[in-house]
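Hi everyone, and thanks for making the time this morning. I have one structure to walk you through, so let me put it on the screen.

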Amino acid sequence: MRLNVIAPSTFAALRVIMLAVGAVPAQRMRGMLMASGITPVASFVTLGEVEVYLSNGPVDVIVCQICPESDAGLMLLSVLNRMHKNGKLEQLPSLFWMGETSMIAATCPGDVNYGSRLPATVQTAGIECMGGVAMTALDSLARLAKAAGIHVEILHREGAMVLNDALRAALLIRTKLDSGPAQADFELLTEEELISALTTGEGLRFVFQPQFDLLSRRVVGAEALIRWKHHRLGDIPPSIMIPLVNRLGLDLLLFSLVEMWAVRVMLALKRENFGIPIAVNASAKTLCTPKFAERLAARMHGVGLPARLLKLELTEDVPEPDELLLSAALTAIRAKGFQVSLDDFGVGAATMNLLVNVSFDEMKIDGSFVRALGECSSSGKVISGLVNWARLLKFNLVAEGIEDESTIPLLYRLGCRVGQGYALAHPMEFDDFMMFMRKQK
Ligand code: C2E
Ligand code: MG
Ligand code: MG
């Protein structure tokens, strides 16, 4: 495994600080770090002290104590998030949670009088905790943090191996940050450059990531994803480009490019008798544009393509406050024969409400649930709940972000039939994608 190629001696390059409330736990943390070749650069007791330290320079890892006496280790997440959003933190440090682990007896919520009358199965069942917090709650919090860009490692067990694995992961994150252009560099992008790229198409291209039937491994669809190579700054990730497009109100300009590429690939697939749909991303604002469905249907009709071959993935980056408008727009799009998918389910803001009130053909389970599947039992429960929900509401499910081959049979067993992710295929250039499809035949 790639992580193991980093020798522990390299950890000395990491800037590590500690947050612990007592002298004894702080001593233990320091001892463990020293055994891995790290001398922590500072140690703090309160969140305020950490905040001041972070505003003065970059830190790679914060080792925090999770304990019943203080919630600082948990609340640190929101401090980091706030500082990052306010531009006071250039680099988000990784967070390591450490603490006493224990099993506490499960109690029946709402009934304090059970006492010894608890059924034997419940009496013996226990909840695994760290510092008094249920491990499942820590897992969920870590997943949410990840969605906000904060890497959290929960050190379930003490020991050099566990700590070293976490440090290797933190080191890889730092290496990635060091090698890519800094966030600040992207701020040099100008409005004119983006408009020019979107109008001329210069530097822009689309890649295609296949979606697979998880049992037969047949390709059942593909998602079109934009790529922008800037002449000065190199590759601009969609996570930088798309918010900029939205902020400048250029989403329709982007969609006209998406549409052009989608038509191009759909025609190429049709020529070679592949009947799979192509999915494109679009915000609620784009989909709510007056006459959107009519115009798109006319475009597809004009080139002789059936509407069912185009799928629109609703992203939640620009939420539509007028739910009635969104519902009407999506209904009009589906009435024209296009498929509508709800992207990134589980991390968006209003997804639950949307799913109940708006009809979709498909829902994509966010990769954060899929990647946590092997590690935490609550992810499995969430996914199997979604599978039941999908059956009831009659929409298809796609699992996103499958990075690990071993999660494929797990997903299938939970009832998820279609998936997308690096373990199956990376996004590919147009020609490579067509070649890939031919090989599949
Ligand atoms: P998305 O629609 O959820 O697309 C999936 C993202 O996950 C893509 O990132 C893809 O490259 C990445 N991915 C695929 N497999 C894996 C995996 O196994 N592990 C992990 N960690 N990631 C995986 P990408 O291309 O960077 O796009 C990010 C987001 O930008 C997209 O998320 C979508 O919301 C937005 N986006 C991309 N292209 C377009 C576009 O043409 N128009 C609009 N409006 N949004 C776009
Ligand atoms: Mg998508
Ligand atoms: Mg997605």
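Let's start with a spacing pattern: along the chain, the donors of the magnesium ion (ligand 2) follow E-x57-N-x31-E-x29-D. Before I go further, please keep in mind that this is a predicted model.

So which residues stand behind those letters? The protein donors of the magnesium ion (ligand 2) are Glu 223 through OE, Asn 281 through OD1, Glu 313 through OE and Asp 343 through OD. These donors lie 2.0 to 2.2 Å from the ion. Two of them are worth finding on the fold: Asn 281 is in strand S12, residues 278-283, and Asp 343 is in strand S14, so this pair ties together parts of the chain that are 62 residues apart in sequence. Are these two buried or exposed? Asn 281 counts as partly exposed because its relative accessibility is 24%. Asp 343, at 4% relative accessibility, counts as buried.

Now to the second metal. The magnesium ion (ligand 3) is coordinated by Asp 343 (OD), by Asp 344 (OD), and by Glu 400, which appears twice with OE, at 2.0 to 2.3 Å. In sequence, the donor residues here are spaced D-D-x55-E. Asp 344 sits in strand S14 and Glu 400 in the loop between S16 and H17, so this pair ties together parts that are 56 residues apart in sequence. As for accessibility, Asp 344 is partly exposed, with a relative accessible area of 27%, while Glu 400 is buried, with a relative accessible area of 11%.

You may have caught a name that came up at both sites. Which residue bridges the two ions? That is Asp 343, and the magnesium ion (ligand 3) and the magnesium ion (ligand 2) that it bridges lie 3.9 Å apart.

Let's move on to ligand 1. How many residues surround ligand 1? There are 23, and the closest are Glu 223, Arg 227, Asp 343, Glu 403 and Tyr 422. Glu 223 and Asp 343 are already familiar as donors of the magnesium ion (ligand 2). By class, the shell around ligand 1 has ten nonpolar, five polar and eight charged residues.

Where does this shell come from? Strand S9 (204-213), strand S10 (219-230), helix H9 (238-247), helix H10 (251-271), strand S13 (310-315) and strand S14 (339-345) each supply at least two of its residues. S10 gives the most, with four residues.

Some metal donors also show up in the polar contacts of ligand 1. The side chain of Glu 223 has an N or O atom 2.8 Å from an oxygen atom of the ligand. Asn 281 places a polar side-chain atom 2.8 Å from an oxygen atom of ligand 1. For Asp 344, a polar side-chain atom lies 3.0 Å from an oxygen atom of ligand 1. Taken alone, ligand 1 exposes 790 Å², and the protein buries 81% of that.

Last topic: salt bridges. As a reminder, side chains of opposite charge can pair when their charged atoms come close. A search of the whole structure finds 18 salt bridges, and I'll pick out three.

One of them brings us back to the metal site: Lys 364 pairs with Glu 400, with the closest N and O atoms 3.6 Å apart. This pair links distant parts of the chain, with Lys 364 in strand S15 (residues 362-365) and Glu 400 in the loop between strand S16 (396-399) and helix H17 (407-414), 36 residues apart. Both Lys 364 and Glu 400 are buried. There is a network here too: Glu 223, Glu 313, Lys 364 and Glu 400 are linked by salt bridges.

Another pair is within a helix. Arg 168 and Asp 165 meet in a salt bridge at 3.0 Å, N to O. Both lie in helix H6 (residues 160-179), three residues apart, which is about one turn of the helix. Arg 168 counts as buried at 11% relative accessibility, whereas Asp 165 counts as partly exposed at 38%.

The third pair is Asp 235 with Lys 229, where the closest N and O atoms are 3.5 Å apart. Asp 235 is partly exposed, with a relative accessible area of 46%, and Lys 229 is partly exposed as well, at 49%.

If you take one picture away, make it Asp 343 coordinating both magnesium ions, ligand 2 and ligand 3. Thanks for listening, and I'm happy to go back to any view!

Notes. Residues are numbered from 1 along each chain as its sequence is written. Chains are lettered from A and ligands numbered from 1 in the order in which they are written. This is a predicted model: local features need pLDDT of at least 70, side-chain atom pairs count only at pLDDT 80 or more; totals for chains, interfaces and linings use all residues. Side-chain values use heavy atoms; hydrogens and water are left out. A residue is near a molecule or strand if one of its heavy atoms lies within 4 Å of it. A polar contact is a pair of N or O atoms within 3.5 Å; within protein, one must be able to donate a hydrogen and the other to accept it, and residues adjacent in sequence count only if both atoms are side-chain atoms. Accessible areas come from the Shrake-Rupley method with a 1.4 Å probe; for residues, only the protein chains shown count as cover. Ala, Val, Leu, Ile, Met, Phe, Trp, Tyr, Cys and Pro count as nonpolar, Asp, Glu, Lys and Arg as charged, and the others, Gly among them, as polar. A salt bridge is a side-chain nitrogen of Lys or Arg within 4 Å of a carboxyl oxygen of Asp or Glu. Buried means under 20% relative accessible area, exposed over 50%, partly exposed in between (1.4 Å probe, protein chains only). Donors are N, O and S atoms within 2.8 Å of the metal (3.2 Å for Na, K and Ca); water is not among the atoms, so sites may look incomplete.
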